[in-house]
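Let us walk through this fold one step at a time. Keep the sequence and the 3D view side by side as you read.

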Amino acid sequence: MNVTFIGGGNMAGAMIGGLVRKRWPRKAIRVVEITAAVRDRLQRDLKVATHAALDARTARSDCIVLAIKPQQMREAAQALKPLLASQLVITIAAGIRVKDLSRWLGGYQRIVRVMPNTPALALAGVSGLYAGRAVTAAGRAAAEKILGAVGKTLWLEREDDLDAVTAVSGSGPAYVFYFIEALERAARELGLGADAAHSLVLETFAGAVKLAAQATEPPETLRGRVTSKGGTTERALASMEADRVKEAIVRAVKAAAGRSRELGDELGKD
């Protein structure tokens with residue numbers, strides 16, 4: 001399957017790198033990117049063909065991945081519209097709804113909307129996918145294969161659910177990094193050196209996530225096993241409960257989902 005990426009930024013680079021590692025033929029991958037330095041980097045590091053502009057030749061693929069910023073989508077769609085025949089179109093632009101992209105593409109409907117996340121850069125991402133009604137089983141399989149090159153995939157029956165996916169997993173890595181920052185700061189304020197604090201926090205997160213992934217019990221049960229009556233963990237969690245940390249996190253994620261809906265409304269305006 002030939003794939004053309006429109007946009008060669010970090011997420012596109014991660015996806016292309018994942019495909020190459022999965023032994024996807026380099027000759028079947030093309031990238032349209034306006035920035036010369038980015039084209040040079042992709043050619044040097046991933047050895048794939050790059051182009052400065054979209055034209056009939058570069059659009060002649062089985063699948064086109066729109067890996068550009070949401071604010072650039074309408075203009076890119078106008079350029080792509082006359083070049084579409086039967087290609088599968090995958091968009092990873094946050095907030096752009098299928099109906100709006102379809103309208104900008106002149107009613108074209110073979111569209112899959114995807115919300116990946118930045119751990120894809122380490123081939124450990126997770127992507128939520130939603131297929132427009134004209135996407136066939138083969139098209140869904142193709143989209144899953146491409147996104148599966150950089151992590152796990154999850155199909156959604158309702159496009160509206162992508163707002164929740166955006167808030168939970170799309171923005172989620174930032175929440176984790178935020179907590180890592182706070183835990184490292186606490187470690188340093190307790191007298192540990194920066195290197196020791198960083199190592200302890202990262203290994204603790206990695207180990208806890210691995211344990212949670214392997215366990216059959218819910219997180220609440222795992223947390224309870226660490227929390228001895230009258231112990232240090234109980235004291236720390238009591239402090240967090242008093243500050244209503246859990247409620248604050250839930251409010252924050254809901255705020256992110258709300259902003260995702262707002263972006264869809266704003267960016268989809270005629």
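**Helix pairs, then the sheet**

Start with helix 7 (residues 172-189) and helix 8 (residues 194-214): their axes come within 9 Å and cross at roughly 135 degrees. An angle over 145 degrees would count as roughly antiparallel, and 65 to 115 as roughly perpendicular. The angle here fits neither class, so helix 7 is oblique to helix 8. The crossing of these two helices, helix 7 and helix 8, is right-handed. Keep in mind that this is a predicted model.

Now find a second pair. Helix 6 spans residues 161-170, and helix 11 spans residues 245-267. The two pack with their axes 8 Å apart, at an angle of about 135 degrees. Helix 6 is therefore oblique to helix 11. What is the hand of the crossing of helix 6 and helix 11? That crossing is right-handed.

Two values were quoted for each pair, and there is a reason. Packed helices are described by the angle between their axes and the distance between the axes.

Turn next to the sheet. Strands of a sheet pair through backbone hydrogen bonds, either parallel or antiparallel. In this model, eight strands form an open sheet. Trace the order: 3-2-1-4-5-6-7-8. The pairing is mixed. Which strands are the edge strands? They are strand 3 (49-51) and strand 8, and each pairs on one side only. From one strand to the next, the twist averages 25 degrees.

Look at strand 1 (residues 3-6) and strand 2 (residues 29-32). These two strands run parallel, and four bridges join them. To place yourself, pick Thr 4: its bridge partner in strand 2 is Arg 30.

Then move to strand 7 (residues 125-131) and strand 8 (residues 151-155). This pair also runs parallel, and five bridges join the two strands. Gly 125 has Gly 151 in strand 8 as its bridge partner. How does the chain get from strand 7 to strand 8? It passes through helix 5 (residues 137-148). This β-α-β crossover is right-handed.

Finish with the side chains. Find Arg 140 and Trp 155. The charged end of Arg 140 sits over the ring of Trp 155. From the centre of that ring, the charged end is 4.1 Å away. Residue 140 falls within the span of helix 5, residues 137-148, and residue 155 within that of strand 8, residues 151-155. As for aromatic rings paired with each other, the structure holds one such pair.

Definitions and conventions. Residues are numbered from 1 along each chain as its sequence is written. This is a predicted model: local features need pLDDT of at least 70, side-chain atom pairs count only at pLDDT 80 or more; totals for chains, interfaces and linings use all residues. Side-chain values use heavy atoms; hydrogens and water are left out. Two strands pair if DSSP finds at least two bridges between them. A crossover is right-handed if, with the strands pointing away from the viewer, the path from the first strand over the helix to the second runs clockwise. Rings of Phe, Tyr and Trp (its six-membered ring) pair if their centres lie within 6.5 Å; planes under 30 degrees apart count as stacked, over 60 as edge-to-face and the rest as tilted. A charge sits over a ring if NZ of Lys or CZ of Arg is within 6 Å of the ring centre and within 35 degrees of the ring normal. Axes are lines fitted to C-alpha atoms, for helices over the stretch in contact, and angles run from 0 to 180 degrees between N-to-C directions. Angles under 35 degrees count as roughly parallel, over 145 as roughly antiparallel, 65 to 115 as roughly perpendicular and the rest as oblique. A crossing is left-handed if the near helix is turned anticlockwise from the far one by less than a right angle, and right-handed if clockwise.
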